[in-house]
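Let's take a friendly walk through a two-chain model. Have the sequence and the 3D view open as you read.

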Amino acid sequence: MSSPRGPKACGGGAADRQIHVLAVDDSSVDRAVIARLLRSSKYRVTTVDSGKKALELLGLQEPNVNMIITDYWMPEMTGFELLKIVKESSALREIPVVIMSSENVPNRINRCLEEGAEDFLLKPVRPSDVARLCNRMR
Amino acid sequence: MLPLCSRVLLSHPFSPMSLMALREQLNMLVNSMYIEGLLDQQFQQLQMLQDASSPGFVAEVINLFCEDAERILTELTKDQAVVDFQKVDAYVHQLKGSSSSVGAQNVKLACIQFRQFCEENNKDGCLNALNVVKHHYYLLRNKFDTMLQLEQRIQAYDSKQQN
């Protein structure tokens, strides 16, 4: 049922099979930057400013989200809490979740990875970080 | 170089000499901002992300940053009689994040120092740090304004030439 995860060309792919990334960040500056970074790699990007809005979108009939990339530190719901909810959901748990943070806190990084985060990126995020994620898309 | 320019100036209706001068002014401004520590290499990253498909990207990020910064500085300037260190720290953390993302080096460094004072619950330190952040921010904003004006004038030339 699941497709083989062999090596594949990086980048978003053709329009009809475009990879869709959901980016979650309460900072408008960071949303603009991460969206541009992802779009320049030809991914389709939807940005939301909270975990709550992310879950609303993911709860739709066909969210078609191939990856979630979320800021760690957000008011109301942290990226870690969002990660936990996604991983505990049978409908959503296969979606890779990447956490971003401006702070290099080893405990935090480990907790996220243990909870099932695909990767942890330090801000400001670079094109090389995005390139690294390419193979992790669902 | 000069003789060639004046020949082109005489024959070309849109005065490319001015366009060159504008570009030169913009380059010198941006370079001076790097040299003076107002900007760091993150800003360069943003410049590299701008291309034909997203010509307004840098301007967009600058505008978002300025809106965000001024909102936060307004909040921080209120109620200076009683300092809620946790609340202040949360705001400064936000400003540090957005200044880091836009490449606003001096503002970012001032925010880092500000957070130190918050951690120490040092009220005077915080009040001083707020003034330092404001100083660096307004200096930067001034230069960003000039930068965006120059960019707009350059882009106006380019679009004129295409018509």
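What follows looks at an annotated aspartate, a pocket, one buried glutamine and some aromatic rings. Please keep in mind that this is a predicted model.

**The annotated aspartate**

A good place to start is Asp71(A), where an unreviewed UniProt entry places the feature "modified residue: 4-aspartylphosphate". In the model, Asp71(A) belongs to strand 3 of chain A, which covers residues 67-71. Is Asp71(A) buried or exposed? Its relative accessible area is 7%, and because buried means under 20%, Asp71(A) counts as buried. Setting aside neighbours within four places in sequence, Asp71(A) is in contact with a run of three residues, Val24(A), Asp25(A) and Asp26(A), and also with Gly79(A), Met100(A), Ser101(A) and Lys123(A).

**The largest pocket**

Asp71(A) also helps to line the largest pocket, where it is among the residues that lie nearest the centre, together with Asp26(A), Trp73(A), His93(B) and Gln94(B). The lining has 22 residues, and the space inside is about 420 Å³. Which elements give two or more residues to this lining? They are helix 1 (28-39) of chain A, and helix 4 (57-77) and helix 5 (85-102) of chain B. Helix 5 of chain B provides the largest share, with 5 residues. By class, the lining holds 9 charged, 9 polar and 4 nonpolar residues.

**A glutamine in chain B**

Another residue to click on is Gln42(B), which sits in helix 3 (residues 41-49) of chain B. Not counting residues up to four places away in sequence, Gln42(B) touches Pro124(A) and Arg126(A) in one chain, and Ser100(B), Ser101(B), Val102(B) and Gly103(B) in the other. Gln42(B) is buried, at 4% relative accessible area.

**Aromatic rings**

Over all chains, the whole structure has 5 aromatic pairs. One of them joins Tyr137(B) and Tyr138(B), with 5.0 Å from centre to centre and 70° between the planes, an edge-to-face arrangement. Elsewhere on the list of rings, Tyr34(B), Phe43(B) and Phe144(B) are linked into a cluster by ring pairs.

To close, here is the accessibility of the residues discussed above.

| Residue | Relative accessible area | Class |
|---|---|---|
| Asp71(A) | 7% | buried |
| Gln42(B) | 4% | buried |
| Tyr137(B) | 1% | buried |
| Tyr138(B) | 39% | partly exposed |

The two paired tyrosines thus fall into separate classes: Tyr137(B) is buried, whereas Tyr138(B) is partly exposed.

Definitions and conventions: Residues numbered from 1 in each chain as written. Chains lettered and ligands numbered in written order. Predicted model: local features only at pLDDT ≥ 70, side-chain atom pairs only at ≥ 80, totals over all residues. Heavy atoms only, no water. UniProt positions renumbered as here; feature names shortened; annotations may be inferred. Helix = DSSP H or I, 4+ residues; strand = E, 2+ residues; numbered from the N terminus. Buried < 20%, exposed > 50% of the residue type's maximum accessible area, 1.4 Å probe, protein only. Contact = heavy atoms within 4.5 Å. 1 Å grid on protein atoms, 1.4 Å probe; cavity = no way out; pocket = protein on both sides within 12 Å on 5 of 7 lines; lining within 4 Å. Points joined across faces, edges and corners; volume = space filled by probe spheres on them. Nonpolar A, V, L, I, M, F, W, Y, C, P; charged D, E, K, R; others polar. Phe/Tyr/Trp six-rings, centres within 6.5 Å; stacked < 30°, edge-to-face > 60°.
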